[in-house]
Structure formats: structure tokens, C-alpha cells
Amino acid sequence: MKKKDKKEKQSSTGSAAAAVPGVTPDVYHVAVLPAETIDLLAIKPDGVYVDCTFGGGGHSKLILSQLGPGGRLIAFDQDEDAKRNLPDDPRVVFVPQNFRYIQRFLRLENILAVDGILADLGVSSHQFDEAERGFSTRFNAAMDMRMDQRQQVTAGEVLMTYTEARLHKLFEQYGEVTNSKTLAKTIVNVRNHVSLQTIDGFKEAVRGIVKGNPHKYFAQVFQALRIEVNDELGVLKEMLQQLPKLLKPGGRAAIITFHSLEDRLVKDFFRRGTFDEPVENAFTHDATTNELTLVTRKPVTASEEELRANPRSRSAKLRVAEKIMMV
Ligand SMILES: C[S@@+](CC[C@H](N)C(=O)[O-])C[C@H]1O[C@@H](n2cnc3c(N)ncnc32)[C@H](O)[C@@H]1O
């Protein structure tokens, strides 16, 4: 994977993207890879579908357009704000929860297995463009970055309380910040006399150690903090592990990622059906059998046309897997 693929380009989440065929332009969010995602989900008109990341509802609207009156859509979003985009449609149930609890909340709806599951990861353009949510380096606001406002830990809390070693690791692993060790040390040194709870306060406190283009530098730092605050890799892993049991035979899972850390998890899980290490001992029977088969061997990426219309689509990668039919 090329290094530059690892970063979700923060400046590119513009909500003013022009029209993409099949999707009504939405100020809240423009759905990426809309036609590709819906085609590959191979919607059954009477099926039950889950949109793990409802957001502006762009993908959900497309799913609904292919569902008949007997179909159902369960839409998750941990940000209750997304609820305002819900269509007035009796086939839809909104679940304002983290998709890491997907199985639990489907059970509450008396649903044991579904025909398709979609997750379009990350933040919506709306969340990114709302200054007070604290996701964007462009504004001054509280260092928040919580997708779920009920959650306690904010980016400010991370900066003010994590050990130097923990900060170093997260900037290195989640943001590939070139001087992550120096950054962590600087944060720990200044935070006793300077508050790092605001974006401007934080930027000013570390101004002296910024390497290279400040915009790019802070984009990487903010990406790392966002991944940590929302435990983005942890929730993805937990959701993926529930997929084989949740899908009906022939049911499909479509996951759209925006950086290589997420994409690697999806790729590995779809290939192997587990995150467990392979059993090395040749005499031990490896009981792990993958119930998923790949629909996409390579990730699907945006067309030239979509790239022009919606710059956010440039780091999007769609992978689709299907639960194997029993024989
Ligand atoms: C990229 S947007 C999805 C946009 C949507 N596909 C559309 O067409 O408008 C991601 C949305 O998923 C939500 N989200 C991200 N991670 C989540 C999680 N772990 N559980 C529930 N919702 C999540 C965010 O709050 C955000 O609204």
C-alpha cells in the first residue's frame, strides 16, 4: 500500500460536491460509490437490509428505491443528528447506536439474519463541516471529535490525560505523523500550563514542532485523534466479526473504507473470515472455516466522473463479500 493512500485527505470532504448520477446532491453528505455499492449488494425486493452508517441517508435511499413494500431497512447511526435525514417510510427503523452492537440491536427488532449489510465508514461531510464538532482543522472549536455525543472521551481529554507513550503510539499508528515521538513529548510538557481543549490552543501549543506543510501535518494528527476518540478500528473489527452469523446464505456485506488501516482489516477478514492467527501446528485441525466468499477480488474505487464531482470519493475503497450458500 502506498504511503499517501494512508491518509484520508481532510480538505476533500467538501459537501458542495456536484451531482453524481443516481444520487440527489445533498448538503449533508454526498454518498460515495453509489451505483457500485447498490449493484454489488444485489438487493432482493423483499429482503432485510442494514445500513450501519446512515449519515445523510444517500445509500439508504438507494437501497429503499430497490426494496418492495415487503422489504425492510434498519439504519444505524451513533450520531442522533443523522435522524433528521430519515425518510418518512414505514419500511425503515432508525437505531441511534454504534454498529459495534449490530447483533444486539437487530435482535431487539426480532431480526436474526439479514440479506445485506452496508457500512460507509468515517464521518459525514456534515459532521466535518460543523465547526463545533471539532473534526476539522479549519475552524477553532473545542477539541471534541466524538461522533456519538453521549460518549465521555473527547479529543481534548485524550490530549490532556494520555501518557506520552500512548500518545506517541496513536500518532504513529493512526496518523503516521513523522515526528510522533516529539509531538507526544511536547504535548505532555505543555499541558500542565496550557489547555489543549481547543483547536487553536492545541495548534498554538505545538506550533514550534510542526513538520512540513502545516495543513497536511494537522490533517494527519487530527485523523489519528479521531480514530482514537471513536475507536474506529475496534468498532470495525467487532462489526466484521458479527457478519458471518448475521448474513443469510447468499447475503452480502459491502464496506467502504477511507484509509488503509480500515481497508486492511476488511480485506483480511473477508479473505479469512477471522482475525485469529492461523494455527501453525500441522497436526492440529484448524476449525476456522471462512463462511464468506469474495465478490470483489480488488477494491472498487471511484470513476473519473465521480472523482470530478465528489473529491471525497478519491480515497474510497469498496469491498464486498457474500455468505456462502449451504450445500
Ligand atoms: C460517511 S458517513 C455515511 C454517509 C451515508 N452513507 C450517506 O450516504 O449519507 C458516516 C456516518 O456513519 C456514522 N458512523 C460512523 N461510525 C459509526 C459507528 N461505529 N456506529 C454507528 N454510526 C457510525 C457517522 O456518525 C456518520 O453519520
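**Close-up legends**

**View 1. The side chain of Thr-274 reaches the backbone nitrogen of Asp-276 at 2.9 Å.** That's a polar contact (N or O atoms within 3.5 Å; within protein, one able to donate a hydrogen and the other to accept it, with residues adjacent in sequence counting only if both atoms are side-chain atoms). The model is a predicted one, where local features need pLDDT of at least 70 and side-chain atom pairs count only at pLDDT 80 or more, while totals for chains, interfaces and linings use all residues. Residues are numbered from 1 along each chain as its sequence is written, and side-chain values use heavy atoms, with hydrogens and water left out. Thr-274 sits in the loop that links α11 (260-272) to β6 (292-294); helices (DSSP H or I, at least four residues) and strands (E, at least two) are numbered from the N terminus. Is Thr-274 buried or exposed? It's buried, at 11% relative accessible area (buried is under 20%, exposed over 50%, partly exposed in between; 1.4 Å probe, protein chains only).

**View 2. Here we zoom in on the ligand and the 25 residues around it.** Gly-56, His-59, Asp-77, Asp-120 and Gln-127 come nearest; to be near, a residue needs a heavy atom within 4 Å. Asp-77 uses its side chain, with an N or O atom 2.6 Å from an oxygen atom of the ligand. Backbone atoms join in too: a polar one of Gln-78 is 3.0 Å from a ligand nitrogen, and an N or O of Phe-99 lies 2.9 Å from a nitrogen atom of the ligand. How much of the ligand does the protein bury? Taken alone the ligand exposes 600 Å², and 99% of that gets buried by the protein (Shrake-Rupley areas, 1.4 Å probe).

**View 3. The ligand takes up the space of the largest cavity.** A cavity is a set of points on a 1 Å grid over the protein atoms alone where a 1.4 Å probe fits but can't get out, and a molecule sits in one if more than half of its atoms lie within 2 Å of the grid points. Sorted by class, the shell around the ligand comes to 8 nonpolar, 13 polar and 4 charged residues. In this scheme Ala, Val, Leu, Ile, Met, Phe, Trp, Tyr, Cys and Pro are nonpolar, Asp, Glu, Lys and Arg are charged, and the others, Gly among them, are polar.

**View 4. Asp-120 belongs to strand β4 (residues 114-120).** We've already met Asp-120 among the residues that come nearest to the ligand. Asp-120 counts as buried because its relative accessible area is 9%. Along the chain, Phe-54 is 66 residues away from Asp-120, yet their C-alpha atoms are 8.3 Å apart in space.

**View 5. Helix α7 (residues 180-190) carries Thr-186, and Lys-181 is in α7 as well.** The side chain of Thr-186 gets to the backbone oxygen of Thr-182, 2.7 Å away. Thr-186 is tucked in as a buried residue, with a relative accessible area of 15%. Lys-181 is exposed, with a value of 55%. From Lys-181 to Ala-165 you'd count 16 residues in sequence, and C-alpha to C-alpha the distance is 8.2 Å.

**View 6. Val-30 and Leu-106 are both buried, Val-30 at 3% and Leu-106 at 0% relative accessibility.** You'll find Val-30 in the segment before α1 (34-41). Its C-alpha lies 7.7 Å from that of Ser-125, with their positions 95 residues apart in sequence. Leu-106 is part of helix α3. The partner to look for with Leu-106 is Leu-246, which is 140 residues away along the chain, with 9.1 Å between the C-alpha atoms.

**View 7. Which non-glycine residues here have a positive phi?** Ala-42 is one of them, with phi at about 45°. Ala-42 sits in the loop between α1 and β1 (48-51), and Ala-42 counts as partly exposed because its relative accessibility is 42%. Asn-110 is another, with phi near 60°. Look for Asn-110 in the loop between α3 (102-108) and β4. At 72% relative accessibility, Asn-110 is exposed.

Methods
1 Å grid on protein atoms, 1.4 Å probe; cavity = no way out; pocket = protein on both sides within 12 Å on 5 of 7 lines; lining within 4 Å.
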